[in-house]
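This briefing concerns the salt bridges and the strand pairing of one protein chain. Please consult the sequence and the structure while reading the points below.

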Amino acid sequence: MGKSRFIELMAKSMGKTATAKELAELNTFLEQFPESKKLHQVTDALKGNTKQADATKQKDISTKLEELWYKIKNTEENSGTLKNKVRFLFYWRWAAAAVVVLGIVSGLWYTRNTNRTDEAAKLVEHEARVPYGKTQKLIMPDGTKVMLNAGSTLVYPETFSKNTREVSLTGEAFFEVTHNAKRPFFVHTNKLTIKVLGTVFNVKAYNNDKNIETTLLKGKVQVELKNNPEKNIVLLPNEKLLVANQPQTNSQRSGDLREAKIEYQVITLPIVKVDEIKETAWLDNRILFTNELFEDVAKQIERKYNVQIVFESQVLKAEQISGLLDKESLQDALRIIEITTPFNYRMDGKMVYLSKK
């Protein structure tokens, strides 16, 4: 049954002009849609068929109508005028009731459909996957800007809920969150959740990296560790949080949080120019590294150039290297590193093999 037919049957029911077949049709609709029974009760109250709602007002109306009918019987000269007034009162009453019904029905229909649309939108999730060698810009439903690095995946809803804004990240992303104090923004990773109101920060949470990094550039964020939810870490601008990402093994290397059995560490970044912040160099398609393990830099090279690097020498993995890779080709990038760290390389398609020279 359509909305217009339902309104028509309700109006006929109120005006007591509905046939038995139409009343049966209305009852069938009410049984199928229980939420409409409340509306039916309202209309019954308007008709005076129920003791709910405005019982007192209904009684007053009935009393006044009886007084008018009494005057009709005792006043012949004005009987025609009074009858017209009474008839007008009745017509006005049913017309007003019909308007109320139309308003209520339209409101219920709009609210129900809007709520269903909102709920359906929340259930619809988008998944942005960025392959190696690429980056991608996104704008969230609230206007928040996100830049995804190579090899990253971001899951977000069609529309955010009324109370929170939540996304899930695997990989690396740079966020410029639209400020909304009433709707905090949450970034979920496999090890931690970042809560913000409106700020600028970078999250690096690749599954195969030793650490998860959260670097705050502007505003303030609160980080909750999933394996220790009672521990909330607050970051201020120019601070970076390192959280151990993988289980400890017997082959941990210097500088690894797992080696020192530290769950997390907050460090203050050196004061440098914006284009010299290594944590966000990838936004300009660059790799900036200072005294970092060759193994860790190799992962960044893999993502930037869409290749897979194989170390044929374990010693080479532990070499500490420094440098800047910008718009160089992969071969030129390897030659730059080779200047300070001698090694041999050979390429087979997208496979790059490194060995000690």
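The points below treat the salt bridges first and the strands afterwards.

The structure is a predicted model. A search of the whole structure yields 12 salt bridges, among them the pairs Lys-240 with Glu-279, Glu-292 with Lys-278, and Lys-327 with Asp-326.

**Salt bridge between Lys-240 and Glu-279**

- The closest N and O atoms of Lys-240 and Glu-279 are 2.8 Å apart, and the two residues form a salt bridge.
- This pair links distant parts of the chain, 39 residues apart: Lys-240 belongs to strand S12 (residues 239-244), while Glu-279 is in the loop between strand S13 (264-268) and strand S14 (287-293).
- Lys-240 has a relative accessible area of 6% and is therefore buried, the cut-off for this class being under 20%.
- Glu-279 is likewise buried, because its relative accessible area is 9%.

**Salt bridge between Glu-292 and Lys-278**

- The side chains of Glu-292 and Lys-278 form a salt bridge with an N to O distance of 3.1 Å.
- Glu-292 is located in strand S14 and Lys-278 in the loop between S13 and S14, so the salt bridge ties together parts that are 14 residues apart in sequence.
- Glu-292 counts as buried because its relative accessibility is 16%.
- Lys-278, at 32% relative accessibility, counts as partly exposed.

**Salt bridge between Lys-327 and Asp-326, and a shared network**

- Lys-327 and Asp-326 form a salt bridge in which the closest N and O atoms are 3.7 Å apart.
- Lys-327 is exposed, with a relative accessible area of 74%, whereas Asp-326 is partly exposed at 23%.
- Elsewhere, Glu-213, Lys-240 and Glu-279 are joined into one network by salt bridges that share partners.

**Strand S7 and its pairing**

- Strand S7 comprises residues 192-196 and is mostly covered, with four of its five residues buried.
- Strand S6 (residues 185-188) pairs with S7 in the antiparallel sense over four bridges.
- S6 and S7 form a hairpin, with three residues between them.
- Phe-185 stands opposite Val-196 in S7.
- S7 also pairs with strand S10 (residues 221-225) in the antiparallel sense, over five bridges.
- The bridge partner of Thr-193 in S10 is Glu-224.

Key:
Residues numbered from 1 in each chain as written. Predicted model: local features only at pLDDT ≥ 70, side-chain atom pairs only at ≥ 80, totals over all residues. Heavy atoms only, no water. Salt bridge = Lys/Arg side-chain N within 4 Å of Asp/Glu carboxyl O. Helix = DSSP H or I, 4+ residues; strand = E, 2+ residues; numbered from the N terminus. Buried < 20%, exposed > 50% of the residue type's maximum accessible area, 1.4 Å probe, protein only. Pairing = 2+ DSSP bridges.
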